[in-house]
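Me: Please give a close description of the pockets in this structure, with attention to their linings. A remark on the surface would also be welcome.

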Amino acid sequence: MAPNGNDVLEAISLKDRRLNYVTQALSYDDGPVRGMVAHSVISSPNAPDLRSIYAQLGYRIEKFTPYVAYAWQKNDRKFVSTGNPWGLSAQTDAINQGSALAQTSMWANQSVVTLGLRYDLMRNAALKFQADRIRYQDPWSIVDPKLLVEDVGGRGFKHMNLFSAALEFVF
């Protein structure tokens, strides 16, 4: 149903797919200062590489720990065209869009800036309040129905704010 159908199937196939995962991380936790930084690369000979960076810094003041974090993920934005021209028919446009979404569904081109506050309720329990500012183009972790109808190649960046509260505990 597409001139490049075999190439598209090869791009999305998991057969004989091997991933290499390398990460380096450094953390610091001494006195009131807590921090960490990490860098990761997931690579494959037949898939775009995913590179990521994460950094967090917090400062403990009695039972409170305000913190800031930054996360960044990037994939190369390469995909195989079906070879069908856009606008030929509704069916071929659906094949083109489905092919692009299948190939890009695990892409992660996004960044997040986080501000948070942790309050230690007791020895094994904490309450956390957090605000995230997310900038995304190809989010594999955000459900956005608009992405299902956009041209993947021309997709721009979008923004989202996320506010959360969590009770963490160990028992």
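**The pockets and their linings**

Reply: The lining of the largest pocket comprises 14 nonpolar, 6 polar and 3 charged residues. In this predicted model, the largest pocket encloses about 560 Å³ of space. Its lining numbers 23 residues, and those closest to the centre of the pocket are R17, A47, P48, Q103 and M106. Two helices and two strands, namely α1 (5-12), α2 (90-104), β2 (33-44) and β3 (47-59), each contribute at least two residues to this lining.

The second largest pocket holds about 250 Å³ of space. Its lining consists of 14 residues, with R34, Q56, G58, T65 and Y67 lying nearest the centre. Strands β1 (20-30), β2, β3 and β4 (64-75) are the elements that give two or more residues to the lining of this second pocket. By class, the lining of the second largest pocket has 4 nonpolar, 5 polar and 5 charged residues. Strands β2 and β3 thus appear among the contributors to the largest pocket and also among those to the second largest.

As for the surface, a nonpolar patch is formed there by Y59, I61, F64, L117 and F129. Together these residues present about 470 Å² of accessible area. One member of the patch, F129, belongs to strand β6, which spans residues 125-138. F129 is classed as partly exposed because its relative accessibility is 44%, and partly exposed residues fall between the limits of 20% and 50%.

Notes. Residues numbered from 1 in each chain as written. Predicted model: local features only at pLDDT ≥ 70, side-chain atom pairs only at ≥ 80, totals over all residues. Heavy atoms only, no water. 1 Å grid on protein atoms, 1.4 Å probe; cavity = no way out; pocket = protein on both sides within 12 Å on 5 of 7 lines; lining within 4 Å. Points joined across faces, edges and corners; volume = space filled by probe spheres on them. Helix = DSSP H or I, 4+ residues; strand = E, 2+ residues; numbered from the N terminus. Nonpolar A, V, L, I, M, F, W, Y, C, P; charged D, E, K, R; others polar. Patch = residues over 30% accessible without salt bridge, like charges linked within 9 Å, V, L, I, M, F, W, Y side chains within 5 Å. Areas by Shrake-Rupley, 256 points an atom, 1.4 Å probe, with all protein chains shown as cover. Salt bridge = Lys/Arg side-chain N within 4 Å of Asp/Glu carboxyl O. Buried < 20%, exposed > 50% of the residue type's maximum accessible area, 1.4 Å probe, protein only.
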